[in-house]
Amino acid sequence: MAARIVTRNPEQDPSLSSKPQPDRSTELQHLAEAACHRSYAPYSRFHVGAAILLESGDVVTGCNVENASYRLTTCAEQNAIAAAVAKYGPAIRIRAVAVANLAKAPCQPCGACRQTIAEFADRDAVISFPGDDGLTVRRTLSELLPAAFELKEL
Ligand code: THU
């Protein structure tokens with residue numbers, strides 16, 4: 001069988017770059033992709049996985065869980081955050097989030113997920129997700145949600 005030479009581009013795959021990745025985005029992306037396979041999405045068939053990196057260095061994953069009563073569906077990002085709180089308690093802080101879907105379709109976190117991330121993350125937390133042309137897009141929380149809702153003391 002003839003050998004096939006595959007050229008990998010550091011621009012497209014940050015794991016090939018020598019630059020340090022404090023947000024561990026390549027590792028998170030792989031864990032998010034693995035989590036997609038556990039998703040329960042019989043209605044949309046859009047299987048989503050999320051991996052979140054906590055300030056402690058711990059990583060927690062989640063996937064979307066749909067319901068016949070459609071509005072009870074929960075998103076992968078929200079389930080990952082709920083799992084992280086259940087495991088590590090209410091003081092968790094999120095440093096980075098990666099989102100993936102089985103279809104490898106371009107897909108950003110929905111508005112509700114951005115607001116849920118904002119509850120536990122600083123504005124410079126990094127969120128990565130599939131963009132156009134199969135490339136992973138990385139954005140800060142403040143880029144994705146410039147005006148998060150905050151409950152001020154009255
Ligand atoms: N979904 C997520 O898991 N995360 C998002 O940020 C957007 C949407 C899920 C919810 C539903 O199960 C499916 O994708 C289609 O909307």
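Asp122 is partly exposed, at 42% relative accessibility. In this predicted model, the Asp122 side chain meets that of Arg93 in a salt bridge, with N and O 3.0 Å apart. Arg93 sits in the loop between H2 and strand S3 (94-101), while Asp122 belongs to strand S4 (residues 121-130), so the pair ties together parts that are 29 residues apart in sequence. Arg93 is partly exposed too, at 33% relative accessibility.

**Overall fold**

The protein chain holds four helices and five strands. Along the sequence they run α-β-β-α-β-α-β-β-α. The chain has 154 residues, and 36% of them count as buried.

**Salt bridges**

Side chains of opposite charge can pair when their charged atoms come close. How many salt bridges does a search of the whole structure find? The search finds four. The table lists examples.

| Pair | Closest N to O distance |
|---|---|
| Arg24 and Glu27 | 2.9 Å |
| Arg93 and Asp122 | 3.0 Å |
| Lys152 and Glu150 | 3.6 Å |

Take the Arg24 pair. Glu27 counts as partly exposed, with 38% relative accessibility. Its partner in the bridge is Arg24. Arg24 is partly exposed as well, with a relative accessible area of 26%.

Now the pair of Lys152 and Glu150. Lys152 reaches 60% relative accessibility and counts as exposed. The cut-off for exposed is over 50%, so a residue at 60% passes it. Glu150 stands at 48% and therefore counts as partly exposed. The two side chains still meet, at 3.6 Å from N to O.

**Ligand site**

Which residues surround the ligand? The shell is made of Ser44, Phe46, Val48, Asn64, Glu66, Thr73, Cys75, Ala76, Glu77, Pro109, Cys110 and Cys113. By type, these residues divide into seven nonpolar, three polar and two charged.

Polar atoms of the protein approach oxygen atoms of the ligand at several points. The side chain of Glu66 places an N or O atom 2.5 Å from a ligand oxygen. The side chain of Glu77 does so at 2.8 Å. Ala76 contributes through its backbone: a polar atom there is 2.9 Å from an oxygen of the ligand. Taken alone, the ligand exposes 370 Å², and the protein buries 79% of that.

**Helix H2 and the loop before it**

Gln78 lies in helix H2. Its relative accessible area is 25%, so Gln78 is partly exposed. The C-alpha atom of Gln78 is 8.5 Å from that of Ala112, although the two residues are 34 apart along the chain.

The loop between strand S2 (59-63) and helix H2 (76-88) contains Val65. Val65 has a relative accessible area of 36% and is partly exposed. With Tyr40, Tyr43 and Tyr70, Val65 makes a nonpolar surface patch of about 430 Å². Why can Val65 be counted in such a patch? Patches take residues with over 30% relative accessible area, and Val65 has 36%, so this residue meets that cut-off.

**Strand S4**

Asp122 is one residue of strand S4. Ser128 is found in strand S4 as well. Is Ser128 buried or exposed? Ser128 counts as buried, because its relative accessibility is 1% and the cut-off for buried is under 20%. The side chain of Ser128 joins that of Gln29 in a polar contact of 3.1 Å.

**After helix H4**

Pro146 is placed in the segment after helix H4 (141-144). At 71% relative accessibility, Pro146 counts as exposed. Its C-alpha atom is separated from that of Arg123 by 8.7 Å, and the two residues are 23 apart along the chain.

**In short**

Strand S4 carries the partly exposed Asp122 and the buried Ser128. Asp122 pairs with Arg93 in a salt bridge, whereas Ser128 makes a polar contact with Gln29. Around the ligand, Glu66 and Glu77 offer side-chain atoms to ligand oxygens, and Ala76 offers a backbone atom.

How values were computed
Residues are numbered from 1 along each chain as its sequence is written. This is a predicted model: local features need pLDDT of at least 70, side-chain atom pairs count only at pLDDT 80 or more; totals for chains, interfaces and linings use all residues. Side-chain values use heavy atoms; hydrogens and water are left out. Patches are made of residues with over 30% relative accessible area and no salt bridge: like charges are joined within 9 Å, nonpolar side chains (Val, Leu, Ile, Met, Phe, Trp, Tyr) within 5 Å. Accessible areas come from the Shrake-Rupley method with a 1.4 Å probe; for residues, only the protein chains shown count as cover. Helices (H or I, at least four residues) and strands (E, at least two) are DSSP runs, numbered from the N terminus. Buried means under 20% relative accessible area, exposed over 50%, partly exposed in between (1.4 Å probe, protein chains only). A residue is near a molecule or strand if one of its heavy atoms lies within 4 Å of it. A polar contact is a pair of N or O atoms within 3.5 Å; within protein, one must be able to donate a hydrogen and the other to accept it, and residues adjacent in sequence count only if both atoms are side-chain atoms. Ala, Val, Leu, Ile, Met, Phe, Trp, Tyr, Cys and Pro count as nonpolar, Asp, Glu, Lys and Arg as charged, and the others, Gly among them, as polar.
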